[in-house]
Each structure stands twice: as structure tokens, then as C-alpha cells.
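Colleague: I'd like to go through this one feature by feature, with the general idea and then the case at hand. Can we start with a single residue and work outwards?

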Amino acid sequence: MNQIATDYPFAPVSAAEAAERYRAIAADRPMTKVTMPFGGDAWVIHRTEAARAMLGDPRFVREPFRTGERVVPYFVEFPEFLRQTLQFEDPPHHTKLRRLVQKAISPKQVRAMRDSAVAYANSLIDEMVAKGDTADLVHDYALPLPIQMLCNLLGVPPEDHDKFEKWASSTLAVAGMSEDDVVANMAELYMYVVELIQLRRREPLDDLISSLANARDKDDTLTDEEILPIAMLLVVAGFDNTANFITTGIASLLQHPAQLELFLTDPDGLAPTATEETLRHGRFSLGIPVAGGGALVPFVATEDVEIDGQLVAEGEAIMIDPGATAHDGIALPDAERFDITRQNNPQLTLSYGLHHCLGAPLARMEMQVALAELFKRLPQIRLTSTPVINHDHLSQPITRLDATW
Amino acid sequence: MPKVFYTQPDGTVVAVAASPGDSVMATAVRNGVSGVVGQCGGSLSCATCHVYVDEAHRDELGTPGEDEDEMLDCTASDREDSSRLSCQLIIGEGDVHVTVPPEQL
């Protein structure tokens, strides 16, 4: 039997081989020390249980990245404005900010938003059908849905949705804009959000910006300087990732006919587990090569901590590779299989612990709605070409998904 | 050794052996009990480990603190008088019976 390579990271190989390698790496060790393109060495965790242990341990913090004491060890240089956001705060300040935002995107609030998501998904499908029998599902469906939901959540007035979408989309990998254009759009977006905060402070409505802007009147006090990064984080994280997840889910189902046939028997009933499986399986379902590498935002150990038998020394950086943990072969023995009925799905794509994705309930709901409504309305939909992927971008998103029905 | 009995929305009951001092959430997650998500790992910031506590245990498990009370307003399934976040329910020497709500996310 051939020895399976356990080097990490590894260059693109077939999805089956990537799954086999991830399994072998996780069987060999809980984590690997990797020299990152920026910020030096960092541990990258491969096993689900080790990842949960780290993510749930308050001895791992992010403050040194926010203050500039440490460069964020990562594949790209972390932009300054992202390092000033909630995800780089530690308790107790993090707790205060997070609670305020959490209430607006809680499971209960998101449940109340579902009907409007269903209505908007169907209006997008109406538009696609009205134009003919083909569409690019990225631009015509997967992107506009989360942007619309984000506008509603933040409280962007309907007349401003178009310009908000233009500014916000400039941050997207799919936009393909020049750096100058991105900077100009971001500046306009910043100014717009500043003005929106001031407007909602004077004239509050039932939206997130209003509740953040007026939190100063209660026990919690938030300044514009605190609200702005939260709003920007929601803009940047709020729809780019969700759009990618939606596209991946659609493409995965279309490329697994047996799973799609099953999905069509009960789209609403199977959407929740299909969504979790999409989040877990990620790019493994697209029939394209998969590289071994990737990670969520890192932490720094405040003291020596042993995780799964490996000592992580004080001051060392550590992060998890959710692609690896989803295929570790320990938490999930048959991880290579794309199974939309999987009940036990310990995926960590939206992270876990104190910094788990604030928008997770919203992202999940949008994915469930997007998958269920599209396939209910257009059960005969099929791809007309291979998904186009931007390999130059960190998240390597699908930028075009041509389909017909 | 105490046990936690998790009644699922369809009426099936899953019994799990537990350790005193552990939470009802952690015990569920570790044993793959469906319907208890606990995405924030017990840091009171996700409301995805919501359970309804059996009448018989309400006194021994205490009442929600201020932070838990606030997060209980965020649960996906309706809040009831018996609602608790299971990450805040610490197992003692006796058995605990809880019911898992139909939705967490």
C-alpha cells in the first residue's frame, strides 16, 4: 500500500485525494506549525475536537493583533479596518459589543426575517424566468439575496439599496475592480454608514443601526467609532461569504444528481441538513482540485497550553483549518461523501466558541431559503458550463455559475 | 453516575450518562444528542442550546441569571416558563430531564 503524504499545507489534488490526505494528517497529529506568508509561524489545527478545545479556551486571545503588538499570521495581510472589528476584541469589551449586535441577528430575529427572504428569492427567480431560460446564478440569485437581507437588517432605505449594493460589492472578490475603485467605493460606503448612523440616532426605526446608534441611551454606551466597524464588518462578512456558500450549495447539488433527486423530494425538509453539509463539504463537491490549506482568524496563547497532546507555548499563534477538521476522519468517518441527509455534522466553517460567526443564523437561513426556493421553482435546472472560479482570491469564490431550465 | 434524559420534539428520549459539574449542553454535544447545538461553546452568546426543563428539576437548577435571561429572548423556538440555556445547567448528583425544542437555528 502506498504511503499517503501527510505534508501540510499541500498543493491542489483531486477532492478524493485531498480528503484522504486530510484524514492521514489528522491521524498523524492534531496540528502543524506553518510559516505564513505574513506574520511568521502559526499552528494550524486539523482535528475537530482539538479545534473545539482551542476555540472554547479563554486562554487564547486576539487582542495583540488589534493593538498591532503582533502581525496577524495569515495568508494575506489583514486590512487595518478589519483588525479594528469585533472579531479582534477580547472579553469583556467583546461581550458588550457582541450582545448588542447578537440581539438583532439572533435565531428568533432571523426566524422573523425568513418570510421576506422567501419572497425576495422568489422575486429574483421571477426576474430570471422573465428574461428567458438561462441565468448566471451568482449575479442573478446568490449575490442579490444576501445583499437585500443585509440592507433590511441594517436599515438602509429602499431608495439607497442600489448604491449601497454597488459600494458593498466593490469589496467582493467577484467584483474584479481595480484597487483605486475599491478604495473609492469603500470611502463612499464609510461616509454613507456614518450618515446613516446619525440619521438613525435622530430618527430611529426598527433596525440594527438604530438599535446600535441608540444603545448609548441605555446601560450600554456605543460611540460612532464603535458602531462603524461593526457595521462595516457586517457589510464585508455579511454577504460575500453567504453568497459563496449559496453558490457552492447550488453547484454541489447540481453536480450530485442522486443527492439532487433526493433533495427534490422534500426541499423544505432537507434544506437545513443540505445547508450544513454544504458548509462542511465546501469545495470538495465541485469536481475540481482541492488544496490543503486555509484557516479562520488566528488566536495567541496567553500561557502554555496543551491541546490533544501538543504543547502550544505562550505567545504562539494558533488557528483552525475548517476544511481539515471537516475531513479529519475522526469526528466524521465517511467525510468524503456529500450527504445532504447527514444529521451529525460537526462542521466548524462558521467557527465555534466566543467568536463563532455572529451572522451564522442569518447565513444559514439565507442558504436554506436560497436552495429550497430555487429547486422548488426550477426543479429541472442544470448547469450549462463548468463553474468559473477566481483562484487569485483568498476565498477562491465561484464567480460565474451558468444554468438553464 | 447521574444521567441526563433528552426528550426530542418527536417524543423519543435519549439518555446519556453524565459527570457532576458538567453542563447539560456540553454533555449533549459530546454525546451527539441532536437538537442541542451550543455554537458559542457556553459563552452565553448564541442561544442555540435552548431546552425546556422538566418541572421536577426547576428548583434544583435555579433561575436564569441576567445574561441568560437576555439571551433566552433570542431563541429560535418560543420561550416558555421552563426555558433555560443548557450551557448554564450544571449537573449535580441526580438525574436531569429536559425537552429539546423543535428549532435552535
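Colleague: Leaving aside neighbours within four places in sequence, which residues is A:His161 in contact with?

Modeller: Keep in mind that this is a predicted model. Once the neighbours within four places are set aside, A:His161 is in contact with A:Gln148, A:Cys151, A:Asn152 and A:Val156. The residue itself is found in helix α9 of chain A, residues 161-169.

Colleague: Is A:His161 buried or exposed?

Modeller: Buried means under 20% relative accessible area. A:His161 comes out at 11%, so the residue counts as buried. Its side chain also reaches the backbone oxygen of A:Val156 at 2.9 Å, and A:Val156 is one of the contacts I listed.

Colleague: Let's move to chain B. Where does B:Asp54 lie, and how do I read its accessibility?

Modeller: B:Asp54 lies in the loop between β3 (50-53) and α2 (66-72) of chain B. Between 20% and 50% we say partly exposed; B:Asp54 has a relative accessible area of 36%, so that is its class. Beyond its neighbours within four places in sequence, B:Asp54 is in contact with B:His97 and B:Val98.

Colleague: What should I look for in the side chains along a strand?

Modeller: In a regular strand, side chains alternate between the two faces of the sheet. Strand β1 of chain B, residues 3-7, shows it: B:Val4 and B:Tyr6 point to one face and are buried, while B:Lys3, B:Phe5 and B:Thr7 point to the other and are not.

Colleague: Which strands does β1(B) pair with, and in what sense?

Modeller: β1(B) runs antiparallel to β2(B), residues 13-17, with five bridges joining them. With β5(B), residues 96-99, the pairing is parallel and there are four bridges. B:Thr7 is a handy marker: its bridge partner is B:Val13 in β2(B) and B:Thr99 in β5(B). In the hairpin of β1(B) and β2(B), five residues sit between the strands, and B:Gly11 takes a positive phi near 100°.

Colleague: And in chain A, what is the order of the strands in the three-stranded open sheet?

Modeller: The order is β5-β14-β11, with antiparallel pairing. The edge strands, β5 (134-136) and β11 (382-383) of chain A, each pair on one side only. Three bridges link β5(A) with β14(A), residues 402-404, and A:Thr134 has A:Thr404 as its bridge partner there.

Colleague: Now the interface. How many residues does each chain give to the contact?

Modeller: Chain A gives 17 residues and chain B gives 23. Between them the chains bury about 1,700 Å², 52% of it on carbon and sulfur atoms. In chain A, A:Arg99, A:Pro107 and A:Arg111 lose the most area to chain B, together 35% of what that side buries.

Colleague: How many salt bridges are there between chain A and chain B?

Modeller: The count is three. A:Lys103 forms a salt bridge with B:Glu70, the closest N and O atoms being 3.4 Å apart. The polar contacts across the interface come to eight residue pairs.

Colleague: Which elements of chain A each supply at least two residues to its side?

Modeller: Those are α5 (93-104), α6 (107-131) and α16 (360-377). The largest share, four residues, comes from α5(A). By class, the side of chain A that touches chain B has five nonpolar, five polar and seven charged residues.

Technical notes. Residues are numbered from 1 along each chain as its sequence is written. Chains are lettered from A and ligands numbered from 1 in the order in which they are written. This is a predicted model: local features need pLDDT of at least 70, side-chain atom pairs count only at pLDDT 80 or more; totals for chains, interfaces and linings use all residues. Side-chain values use heavy atoms; hydrogens and water are left out. Contact means heavy atoms within 4.5 Å. Buried area is the accessible area (1.4 Å probe) that two parts lose on being put together, summed over both. A salt bridge is a side-chain nitrogen of Lys or Arg within 4 Å of a carboxyl oxygen of Asp or Glu. A polar contact is a pair of N or O atoms within 3.5 Å; within protein, one must be able to donate a hydrogen and the other to accept it, and residues adjacent in sequence count only if both atoms are side-chain atoms. Ala, Val, Leu, Ile, Met, Phe, Trp, Tyr, Cys and Pro count as nonpolar, Asp, Glu, Lys and Arg as charged, and the others, Gly among them, as polar. Two strands pair if DSSP finds at least two bridges between them. Buried means under 20% relative accessible area, exposed over 50%, partly exposed in between (1.4 Å probe, protein chains only).
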